[in-house]
Amino acid sequence: MHDFKYGRATSVADAAQRLAAAGEGKLLAGGQTLLPVLKQRLASPSDLVDLAGIAGLAGISATAATVTVGAMTRHADVAGNADVRRLIPALAELASGIGDPHVRNRGTMGGSVANNDPAADYPAAVLGLGATVKTDRRTIAADDFFQGLFTTALEDGEIITAIEFPVPERAGYVKFAHPASRFCLVGVLVSKGPMGVRVAVTGAGQEGVFRVPAMESALAGSFTAKAIDGVTVAPDNLLSDMHAGPEYRAHLIGVLARRAVAKAGG
Amino acid sequence: MEAPPDDLGVPTFMPTISLRVNGTPHSLEVADTLLLSGLLRDVLRLTGTHIGCDTSQCGACTVHVDGRSVKSCTMLAVQADGAEVTSIEGLADGETLHPMQAAFRAHHGLQCGFCTPGMIMAAVAFAKANPAPSEDEVRHGLEGNICRCTGYQGIVDAIMTGARAMHAGKA
């Protein structure tokens, strides 16, 4: 790693101030992406501002209509939370399949969403459930938040504080995990609820997570796996790497979307 | 020794952290960039924690921080300030092996042994939450740990036995 200065913020305002004062500061959440990136010297921030000591940034609260997850909530705590399991079981299941147990004990929802890795699981949940990203400056709808590979609507120095999920009538998530990394070759989250019918795909898009309008309108007519039989996604803008080409990923989107609908009880 | 100046010409000082490792309290100055794996191995000389891939994939460096399994190569030492850390050296009670260690020995859950400390630390954390795991559950629980000898069958058998032994309260 290149040298950096580590500092622990005591509040969100303190974190913002430390970030502004730093030459080239980075926020440290769970560190499960950032630390490997630093170790490979793919980034060389002057300062790391640790959010772990800020009271109130971790934790989950729920009403009948919403589940709000603090930005510093670890994946394992989302997976094991009784309210999440009762109200949005698909979200709990998604969280229980991120990385591996040790990564889930450190990684955070805010960190994952801010990073917007094209193969991460959480972007599919945020977009597929129509969540709202809350920051220290504003609230951002999921549809406006994800803006391409590792790119989000977050401004310089803007800090995610929580993510609010509307409780769906039904939702399901299925991923085809890379057997070694557990990242998504393709992951599909489908939901039906206050945000309409949504189909969000991660792991496959050259621009990161995306929705599939043709599947959404078919499912709006009939929320069954059969309704999207034959609805395909063109391979044109899909990722290609040593593990899977764009045609295979396009095929997986169809298969996994049908399985996700079936899992959601459709 | 005088600390080297940073780019503002202000001397930099290393942060001081306090933590307990295997029950022993420590108060240490550490570099900002020091990893928890480095703290354990190079500063405290607890070399049972192994560094395999150093890229957060193999799990050989797994330890417990405040009771939860983590990859110590993917956590800064300063992030463990105030924490209770348990490494493989902290499991046995004197000459008496921890039930999971005993199960690994009984089932020969190792070949070269390099991954074993991480496997056992992962297994103990897993077994705390899964008192009577199925083979599928054990294999899912091991997704963060790689055995380069591919000796998984013995490891899985050991964890199924070790988990039950931990909850029966006998080795």
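The chat below goes through a predicted model of two protein chains, from their contact to single residues and charged pairs.

Student: Before I start, how are the residues, chains and ligands numbered or lettered here?
Tutor: Residues are numbered from 1 along each chain as its sequence is written, while chains are lettered from A and ligands numbered from 1 in the order in which they are written. This is a predicted model, in which local features need pLDDT of at least 70, side-chain atom pairs count only at pLDDT 80 or more, and totals for chains, interfaces and linings use all residues, and side-chain values use heavy atoms, with hydrogens and water left out.

Student: What ipTM and pTM does the complex get?
Tutor: The predictor gives the complex an ipTM of 0.94 and a pTM of 0.94. For chain B the average pLDDT, which is the predictor's confidence in each residue on a scale from 0 to 100, is 92, and 91% of the residues score at least 70.

Student: How many residues does each chain bring to the contact?
Tutor: Chain A brings 29 residues and chain B brings 25 residues, where contact means heavy atoms within 4.5 Å.

Student: And what area do they bury between them?
Tutor: The two chains bury about 2,200 Å² between them, with 52% of it on carbon and sulfur atoms; buried area is the accessible area, taken with a 1.4 Å probe, that two parts lose on being put together, summed over both. On the side of chain A, Lys39(A), His102(A) and Arg106(A) supply 28% of the area that chain A buries against chain B, more than any other three residues.

Student: How many salt bridges cross that interface?
Tutor: The rule finds 5 salt bridges between chain A and chain B, a salt bridge being a side-chain nitrogen of Lys or Arg within 4 Å of a carboxyl oxygen of Asp or Glu. One of them joins the side chains of Arg182(A) and Glu143(B), at 3.2 Å from N to O.

Student: Which elements of chain A give two or more residues to the side that touches chain B?
Tutor: They are β1 (5–8), α2 (34–39), β3 (47–50), α3 (75–80) and α6 (101–106) of chain A, where helices (H or I, at least four residues) and strands (E, at least two) are DSSP runs, numbered from the N terminus. The largest share, 6 residues, comes from α6(A).

Student: Switching topic, is Thr135(A) buried or exposed?
Tutor: Thr135(A), which lies in strand β6 (residues 132–135) of chain A, counts as buried because its relative accessibility is 10%, and the rule calls a residue buried under 20% relative accessible area, exposed over 50% and partly exposed in between (1.4 Å probe, protein chains only).

Student: So what does the side chain of Thr135(A) reach?
Tutor: The side chain of Thr135(A) reaches the backbone nitrogen of Arg137(A) at 2.9 Å, and it also makes a polar contact with the side chain of Glu158(A) at 2.7 Å. A polar contact is a pair of N or O atoms within 3.5 Å; within protein, one must be able to donate a hydrogen and the other to accept it, and residues adjacent in sequence count only if both atoms are side-chain atoms.

Student: Which salt bridge is Glu158(A) in?
Tutor: Glu158(A) meets Arg138(A) in a salt bridge at 2.8 Å, N to O. The pair links distant parts of the chain, 20 residues apart, with Arg138(A) in the loop between β6 and β7 (139–141) and Glu158(A) in the loop between α9 and β8 of chain A. Arg138(A) is partly exposed at 32% relative accessibility, whereas Glu158(A) is buried at 4%.

Student: How far apart in helix α1 are Arg18(A) and Asp14(A)?
Tutor: They are 4 residues apart in helix α1 (residues 12–21) of chain A, so about one helical turn separates them, and their side chains meet in a salt bridge at 3.1 Å, N to O. Arg18(A) is partly exposed, at 35%, and Asp14(A) is buried, at 16%.

Student: Last one, what does the side chain of Arg170(A) have beside it?
Tutor: A polar atom of that side chain lies 3.2 Å from the backbone oxygen of Gly265(A). Arg170(A) itself lies in strand β9 (residues 170–177) of chain A and is partly exposed, with a relative accessible area of 30%.
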